[in-house]
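Trainee: I would like to see how each label on this model is earned. Can we go through them one at a time?

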Amino acid sequence: MTSALCKSGLPLDRHDPLHGYLSSVVLPEMGHNITEPEIDSICLSYRQSVYLYRERKSDAVVVGKFFGNRKDSGESNPGRTLEQEFNNLLVLRGKGFCSNPYNVVRPLSKVSHINYLLVEEYISGHDLDYYIVRAACHGQHERLFKKLGYLAEFIALLHEGGSPCNASEHTAVYPNFKPLLDKLLQSEILSNKKYQRFLCLADEWKQEKSLWYDRPVLIHGDVTPTNFIFHHKEGVTAIDLERMRQADRMFDIGIMAAELKHHFAWRILNAGASDPFIEHFIKSYFRGLNSGSPGISEILMKNRLFMAYGELRIARNQWLSREHRKWLIREAIKCMSV
């Protein structure tokens, strides 16, 4: 994230409604009453329609996230998604996730008529992907261990903050598998034989009744490396809370484990190098839970299913090589094979 401020931005047209909104609403709310603001725009993610806006005179910086033309979502109601993320951020900050070491990004404003815009504070620091690269390619293992520890503790605290609910069910993950498999089949990255194999394996997991007695918890819902920013005060800030909901805790744990496995396999062709980091992440998470939470053996068992789900999610990405996507599918089958 810090590198974004080093890039030269493009001036935002003064006649653009966004310029007017940032000048008359957002900047004054931040304490900047500026005559004729000069605002630069820097694209942080074209696919997710996320931009950084910097006012030159005050050096004020905010992040704008547009839901109206997202490239990564089939969401047909951007207004609903905008409201959901805005409210989720407020809820978690109200629960205490607004100071170090565990934070969620502060929402500053939202407006529907400017392409469903959410304006957030800018978080200076590096995302988890930065530390994964340093560990995989430059041997900076201790830094990644430390950041994963913070992340695991954050997720454990988040999961403890949910409302009491009835026991979880396999249906919390089961309906998500088939649409994912359908998409992979349509893209011809998944054979029909493997498609049927996954459906059979999912049915087998459904029969493991003993695994589905843990209560649903409040999950982040999109635990990927770019959604967590680590800063100089040794804390972590979560972003992208639009998928936050009550669900099985292993959604968050399994997806992060899958991401770690994928990154080491993709970057240095050594998936096994991720194992110590996955183990550290899960153990750190377990240490952060209270005594009423499930045991480590149950977490490790269920992690196989949700890790497979995470690997299939990653395999959707067409910018990855075909060989790597097929490897992710094979790994998912291994994970689900009890």
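The talk below takes up two histidines, one helix, the nonpolar cores and a pocket.

Mentor: Remember that this is a predicted model.

Trainee: Why is His324 called buried?

Mentor: Its relative accessible area is 9%. Buried means under 20%. So His324 is buried, at 9%.

Trainee: Where does His324 lie, and which residues does it touch?

Mentor: His324 lies in helix H10, residues 322-336. It touches His262, Ala265 and Trp266, leaving out residues up to four places away in sequence.

Trainee: What makes His126 partly exposed?

Mentor: His126 has 23% relative accessibility. Buried is under 20% and exposed is over 50%, with partly exposed in between. At 23%, His126 therefore counts as partly exposed.

Trainee: Which strand holds His126, and how many residues separate it from Val236 in sequence?

Mentor: His126 is in strand E9, residues 126-127. Val236 is 110 residues from His126 in sequence, but their C-alpha atoms are 9.8 Å apart in space.

Trainee: How do you know that the span of helix H2 agrees with what is expected?

Mentor: H2 runs over residues 78-94, which is 17 residues. The expected span is 1.5 Å times one less than the number of residues. That gives 24 Å, and the end C-alpha atoms are 24 Å apart, so the two agree.

Trainee: Which residues of H2 are buried, and what do they pack against?

Mentor: Among them are Leu82, Glu85, Phe86, Asn88 and Leu89. The buried residues of H2 pack against several elements, including strand E4 (61-66), strand E8 (117-121) and helix H4 (141-160). After H2 comes Gly96, with a positive phi near 110°.

Trainee: Which members of the largest nonpolar core touch the most others?

Mentor: That core has 86 residues. Leu144, Phe154, Phe198, Phe281, Leu312 and Met336 touch the most other members. Leu312 has Phe177, Leu180, Leu181, Leu184, Phe198, Ile329 and Ala332 as contacts, again not counting residues up to four places away in sequence. Another core, of 16 residues, lies apart from it, with Tyr53, Phe66, Val111 and Leu117 among its members.

Trainee: What lines the second largest pocket, and how does the lining divide?

Mentor: Its volume is about 190 Å³. The lining includes Arg93, Cys98, Glu121, His231, His232 and Lys233. It divides into three nonpolar, six polar and three charged residues.

Notes: Residues are numbered from 1 along each chain as its sequence is written. This is a predicted model: local features need pLDDT of at least 70, side-chain atom pairs count only at pLDDT 80 or more; totals for chains, interfaces and linings use all residues. Side-chain values use heavy atoms; hydrogens and water are left out. A nonpolar core is a set of buried Ala, Val, Leu, Ile, Met, Phe, Trp, Tyr and Cys residues joined through side-chain atoms within 4.5 Å. Buried means under 20% relative accessible area, exposed over 50%, partly exposed in between (1.4 Å probe, protein chains only). Contact means heavy atoms within 4.5 Å. On a 1 Å grid over the protein atoms alone, a cavity is a set of points where a 1.4 Å probe fits but cannot get out, and a pocket is an open set with protein on both sides within 12 Å along at least five of seven lines; lining residues have an atom within 4 Å of a point. Grid points are joined across faces, edges and corners, and a volume is the space filled by probe spheres set on the points. Ala, Val, Leu, Ile, Met, Phe, Trp, Tyr, Cys and Pro count as nonpolar, Asp, Glu, Lys and Arg as charged, and the others, Gly among them, as polar. Helices (H or I, at least four residues) and strands (E, at least two) are DSSP runs, numbered from the N terminus.
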